[in-house]
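Hello,

Here is the structure I promised to pass on. My notes on it follow below.

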Amino acid sequence: MNTFDDLLARNHFFMQMRKLAELPRSSDYQEERLSLLKIACEDLEKYVFALSMRRISEPQICSYGPRMATLILAYGGAESLYALIKEKHAETIRDYALFILQDVDTALKYYELAALDWYYFEGEVEWDISSAKKEAILRRGQEFRRMSQLVRNPGESVSLWRRMVVWDGEEAYKESFIEYIHNLNAKDHSGIYQCATAFFHNVSGMIDAGAARDDLRVAVLLAHVVRDSSLYSTMVMIAPMVNKIQLSAKTKHDMFECLCANQSKTLVVIRKYLVNVGECEESFDVCFRLLTIKECVQRIAQFLRMNPTEETELAYYTGLQTFSYMLPFKAEKGMEGKLSVMNIA
């Protein structure tokens, strides 16, 4: 979005006001008057949106917003303004949890509610609405259902998504997300890290270009999925360098907050540790030591699941009691001298 889009929207709004002021009060100009009021409402919407994208403080929004709304009312635009506020309120309630609170779970619940067949179209109930509006309602419900499925179960949903176009603007991030899920399923830490970086770059490009909120909704939801599921692999990738590079206090603090908020199963042990001990220099170092231990444990577990051969056959035990059966006086024939490890699988 252009840095001065708010000024352009505001100036265009006042142009409509001047045109309205010059119109005769005759009813013959009512249609033109309504058209100008509709454009003015759109300009007001664009003005507020442009300021929000620039993260302008509320006092600055309030300096012109009420004046613009008052002028619309003064020229008889109460109905137009009412419709705009009602529409924006519905959208804000739906998207507030995602864009402001960044609460994906709550946002998905709103979207899943919006996807319900509130009009009971499946029951063939007749409503006094146009076929175009009915089609739009059905399409929006389908989009929300697919959105929920993709976020809640991306591993299975991406294969279907690959074969169709579902959302406007998805071409900006679709391929990078699908490739990311492929690497996530393969547990390729390097591929996960690279694809996550590419995905975030694509989404950032959409935001910088001023993409509409409807186009950003799926991208932002998937960004939360990528952030949470890629954190473990990101830590694995930087672990070998963590003692060689000097991380700033802010970077460490951001990582601490991400780890504490992350709900991924792969980071349960680290998250519990941080929640118990709190943020400090030592806890940051311990995180990476725990990470190294976890990686080693996983490799051993994978080794134990391999098909045994003469070279890899193992005698493994589940406790001290069963370990005694591998001692010389109790060992089964052919197991003497075999590598013995604790079964951690």
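**Pocket, rings and charges**

Start with the chemistry of the second largest pocket. By class, its lining holds 10 charged, 10 polar and nine nonpolar residues. Keep in mind that this is a predicted model.

The volume of the second largest pocket is about 1,000 Å³. It is lined by 29 residues, and those closest to its centre are Asp228, Ser229, Ser264, Lys265 and Thr266. Five helices each supply at least two lining residues: helix 5 (104-114), helix 6 (131-152), helix 9 (189-208), helix 10 (213-238) and helix 13 (281-304). Which helix gives the most to this lining? Helix 10 does, with seven residues.

Asp228 also has a charged partner. Its side chain meets that of Arg227 in a salt bridge, 3.2 Å from N to O. Asp228 is partly exposed, because its relative accessible area is 23% and the buried class ends at 20%. Arg227 is partly exposed too, with a relative accessible area of 37%.

**Salt bridges**

The count comes to nine salt bridges. Some share partners: Asp105, Lys109, Glu112 and Arg152 are joined into one network. Here are two of its contacts.

- Asp105 and Lys109: the closest N and O atoms are 3.4 Å apart. Both residues lie in helix 5, four residues apart, or about one turn of the helix. Asp105 has a relative accessible area of 37%, so it counts as partly exposed. Lys109 is partly exposed as well, at 47%.
- Arg152 and Glu112: this salt bridge spans 2.8 Å, N to O. It links distant parts of the chain, with Arg152 in helix 6, Glu112 in helix 5, and the two positions 40 residues apart. Arg152 is partly exposed at 43% relative accessible area. Glu112 is partly exposed at 28%.

**Aromatic residues**

The structure holds 11 aromatic pairs. A ring pair is described by two values, the distance of the centres and the angle of the planes.

Take Phe13 and Phe14. Their ring centres are 5.2 Å apart. Why is the pair edge-to-face? The planes stand at 85°, and edge-to-face needs an angle over 60 degrees. Phe13 and Phe14 are both buried.

Trp161 and Tyr173 make a tilted pair, at 6.2 Å centre to centre and 45° between the planes. This pair connects distant parts of the chain: Trp161 sits in helix 7 (residues 154-162), and Tyr173 sits 12 residues away in the loop between helix 7 and helix 8 (174-186). Are these two residues buried or exposed? Trp161 is buried, because its relative accessible area is 3% and the class covers values under 20%. Tyr173 is buried at 1%.

Trp161 and Tyr173 also belong to one aromatic cluster. The other members are Trp167, Phe177, Tyr180, Phe199 and Phe200.

One charge sits on a ring face. Arg10 lies over the face of Tyr64, at 4.0 Å from the ring centre.

**Where to look**

For the pocket, centre your view on Asp228, Ser229, Ser264, Lys265 and Thr266. For the charges, show Asp105, Lys109, Glu112 and Arg152 together, as they form one network. For the rings, pick out the cluster that includes Trp161 and Tyr173.

Best wishes

Key. Residues numbered from 1 in each chain as written. Predicted model: local features only at pLDDT ≥ 70, side-chain atom pairs only at ≥ 80, totals over all residues. Heavy atoms only, no water. 1 Å grid on protein atoms, 1.4 Å probe; cavity = no way out; pocket = protein on both sides within 12 Å on 5 of 7 lines; lining within 4 Å. Points joined across faces, edges and corners; volume = space filled by probe spheres on them. Nonpolar A, V, L, I, M, F, W, Y, C, P; charged D, E, K, R; others polar. Phe/Tyr/Trp six-rings, centres within 6.5 Å; stacked < 30°, edge-to-face > 60°. Buried < 20%, exposed > 50% of the residue type's maximum accessible area, 1.4 Å probe, protein only. Lys NZ or Arg CZ within 6 Å of the ring centre and 35° of its normal. Salt bridge = Lys/Arg side-chain N within 4 Å of Asp/Glu carboxyl O.
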